[in-house]
Amino acid sequence: AFQATRTEYVVPDVYVRRTPQGWLVELNPAALPRIRLNESYAGMITRAPDHAVLRTQLQEARWLIRSLEIRNDTMVRVARTIVERQAEFLEQGDEFMRPMILKDIAEAITMHESTISRVTSGKYMLTPRGVFELRYFFSSQVEGEDGQGTSSTAIRAKIRKLVREETPGNPLSDNRIAEI
């Protein structure tokens, strides 16, 4: 009962901030692996005729670095698209969250949904509103009477606001909340 648990902190993968030109999305350099090749050794390996195994490993190392660059580029593209689509949320709060699914982002950046799923899983974004898992920005859509869809996140925020602002002696009924 008295054992201290180790506090684990979330390190955001992406930073989002407002600039005079609009929203800026950047990768967190502290969250990126630092891998580089020693080019002088690489040059020696490529010039030597009897180092076929080392040349293969050098090629694999270059492939790994290139794969990480592509991953980082994909992460930035996904984050930028999320920020573009959820700009109202970033500026005004939960009530302005738009409905969005993985397919929307996949179509916007011409990638497969499974790629978007992998990129957003377990990744975090630091925004002026706080740190959010990228998955937070994806929510189901609830159709309204006017035919317009509303994000389930926005609906929950509106209900929280109604309950917070109701008078304690005369609370709103569930039916009245649903009507509103």
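Which residues are buried in helix α1 (residues 39-47)? In this predicted model, the buried residues of helix α1 are A42, G43 and I45. When the helix is viewed down its axis, these buried residues fall within an arc of 165°, so they line one face of α1. On the other side of the helix, Y41 and R47 are exposed. The buried residues of α1 pack against helix α2, and the description therefore turns to that helix, which comprises residues 52-85.

Helix α2 contains 34 residues, and at 1.5 Å a residue a helix of this length should span 50 Å. The C-alpha atoms at its two ends are 49 Å apart in the model, which agrees with that expectation. Buried positions in α2 include L58, I65 and N72, and T74, M75, V76, V78, A79, T81, I82 and V83 are likewise buried.

One of these buried residues of α2, V78, is in contact with T120, a residue found in helix α5 (residues 113-120). T120 counts as buried because its relative accessibility is 0%, where buried means under 20%. The side chain of T120 reaches the backbone oxygen of S117 at a distance of 3.2 Å. When neighbours within four places in sequence are left aside, the contacts of T120 comprise V78, L102, E133, L134, R135 and F138. Among these contacts is E133, a residue that lies within strand β4 (residues 130-133).

The strands were examined next. Strand β3 (residues 124-127) presents a covered face, formed by M125 and T127, and an uncovered face, formed by Y124 and L126. Strand β1 (residues 14-19) pairs with β3 in the parallel sense over 2 bridges, and in this pairing V14 stands opposite M125 of β3. Strand β3 also pairs with β4, here in the antiparallel sense and over 4 bridges, and the connection from β3 to β4 is a hairpin of 2 residues. Within the antiparallel pairing, M125 stands opposite F132 of β4. M125, on the covered face of β3, thus has V14 opposite it in one pairing and F132 opposite it in the other.

F132 also takes part in aromatic contacts. A search of the whole structure finds 6 aromatic pairs. In one of them, F132 and Y136 are stacked, with 4.9 Å from centre to centre and 25° between the planes. The pair formed by F132 and F137, in turn, is edge-to-face, with 5.7 Å from centre to centre and 65° between the planes. With respect to solvent accessibility, F132 counts as buried because its relative accessibility is 14%, and F137 counts as buried at 1%. Y136, by contrast, counts as partly exposed, because its relative accessibility is 27%. F132, Y136 and F137 belong, together with F89, to one aromatic cluster.

Key:
Residues numbered from 1 in each chain as written. Predicted model: local features only at pLDDT ≥ 70, side-chain atom pairs only at ≥ 80, totals over all residues. Heavy atoms only, no water. Buried < 20%, exposed > 50% of the residue type's maximum accessible area, 1.4 Å probe, protein only. Pairing = 2+ DSSP bridges. Expected span 1.5 Å × (residues − 1). Arc of directions from axis to C-beta. Contact = heavy atoms within 4.5 Å. Polar contact = N/O pair within 3.5 Å; in protein donor to acceptor, adjacent residues only side chain to side chain. Phe/Tyr/Trp six-rings, centres within 6.5 Å; stacked < 30°, edge-to-face > 60°.
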